[in-house]
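The following paragraphs offer a guided reading of a ligand site and its surroundings. Please keep the sequence and the structure in view throughout.

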Amino acid sequence: MLQHRFFRKALLSSIAPLLLSGMLVAQITPVSASDHGHHKAHAKFNKAGELARPANFREWVFIGAPVTPKDMNNDKPAFPEFHYVYIDPVSWVHWKKTGEFRDGTMIAKELVSVGSKSSASGSGYFPGDYVGPVAVSVKDTKRFAKSSNWGYFVFGDDKAQSAATDESCVACHKTNAAKDMVFTQYWTVLRAASPKK
Ligand code: HEC
């Protein structure tokens with residue numbers, strides 16, 4: 001007990017100056033939203049309702065990489081070939097606490113080619129290069145109330161904004177996704193982190 005109190009006192013007196021200087025620094029250099037980059041990730045729309053391309057999504061939380069290879073899909077899979085999928089970090093924290101997708105959740109899916117079919121580890125499908133569009137889904141219970149609370153967008157290589165895509169995205173997700181329009185049946189990372197088992 002005594003020892004505890006001693007340590008607390010020692011700790012407090014040693015961090016107090018640090019705290020004070022920290023406050024000074026904070027006053028001199030206010031931390032702007034952009035300094036936090038991806039930590040403040042939230043969906044931005046223009047007046048036409050087009051989603052702005054989310055910045056830094058490759059630094060979000062990676063949740064999985066399904067692959068629909070061309071050679072197993074008559075050369076024409078809907079989303080060729082690897083799909084690298086990420087959830088924004090704020091929504092990831094919410095998911096871990098609640099097992100739910102919060103309003104504002106963004107999930108990005110980026111396409112990567114199959115680079116080769118054999119490696120030192122054996123035969124299989126091994127990733128090549130980034131090959132193009134980024135698909136993004138956004139949960140917004142007001143904006144997308146009519147499409148089960150989710151909006152769907154696709155960005156070409158150099159597109160900064162993307163208009164909402166057609167009904168087909170919504171329809172397939174609604175019919176086949178396991179939870180709240182999201183294919184959690186394939187996102188091992190999400191299932192393992194959910195408090196709802
Ligand atoms: C025919 C069914 C189908 C259609 C149409 C479809 N998707 Fe998906 N989508 C899937 C499946 C299956 C997955 C999960 C496995 C995978 O990525 O292959 C997925 C995953 C996603 C994900 C990752 C998050 C999640 O919901 O699991 C995003 C983002 C996404 N799709 C966006 C789109 C967009 C944008 C469109 C329309 C341009 C679209 N999808 C159309 C079947 C579909």
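Which protein atom serves as donor to the iron atom of the ligand, and at what distance? In this predicted model, the iron has a single protein donor, atom NE2 of His173, at 2.2 Å. His173 belongs to helix H3. A polar side-chain atom of His173 also lies 2.9 Å from a nitrogen atom of the ligand.

Two further polar contacts involve oxygen atoms of the ligand. One pairs a ligand oxygen with a polar backbone atom of Phe183, 2.9 Å away. In another, a polar side-chain atom of Trp187 is found 2.9 Å from a ligand oxygen.

The view may now be widened to the shell around the ligand. Of its 21 residues, those that come nearest are His83, Cys169, Cys172, His173 and Trp187. Helix H3 gives the largest share of this shell, four residues, while E3, E4, E5, E6 and H3 each provide at least two. By class, the shell comprises 15 nonpolar residues, five polar and one charged.

Where does the ligand sit? The ligand occupies the largest pocket, whose volume is about 610 Å³. This pocket is lined by 26 residues, and Phe79, His83, Lys109, His173 and Phe183 are the closest to its centre. Two or more lining residues come from each of strands E3 (82-87), E4 (106-119), E5 (122-139) and E6 (150-155), and from helix H3 (167-176). The lining consists of 19 nonpolar, six polar and one charged residues.

Technical notes: Residues are numbered from 1 along each chain as its sequence is written. This is a predicted model: local features need pLDDT of at least 70, side-chain atom pairs count only at pLDDT 80 or more; totals for chains, interfaces and linings use all residues. Side-chain values use heavy atoms; hydrogens and water are left out. On a 1 Å grid over the protein atoms alone, a cavity is a set of points where a 1.4 Å probe fits but cannot get out, and a pocket is an open set with protein on both sides within 12 Å along at least five of seven lines; lining residues have an atom within 4 Å of a point. Grid points are joined across faces, edges and corners, and a volume is the space filled by probe spheres set on the points. Ala, Val, Leu, Ile, Met, Phe, Trp, Tyr, Cys and Pro count as nonpolar, Asp, Glu, Lys and Arg as charged, and the others, Gly among them, as polar. Donors are N, O and S atoms within 2.8 Å of the metal (3.2 Å for Na, K and Ca); water is not among the atoms, so sites may look incomplete. A residue is near a molecule or strand if one of its heavy atoms lies within 4 Å of it. A polar contact is a pair of N or O atoms within 3.5 Å; within protein, one must be able to donate a hydrogen and the other to accept it, and residues adjacent in sequence count only if both atoms are side-chain atoms. A molecule sits in a cavity or pocket if more than half of its atoms lie within 2 Å of its grid points.
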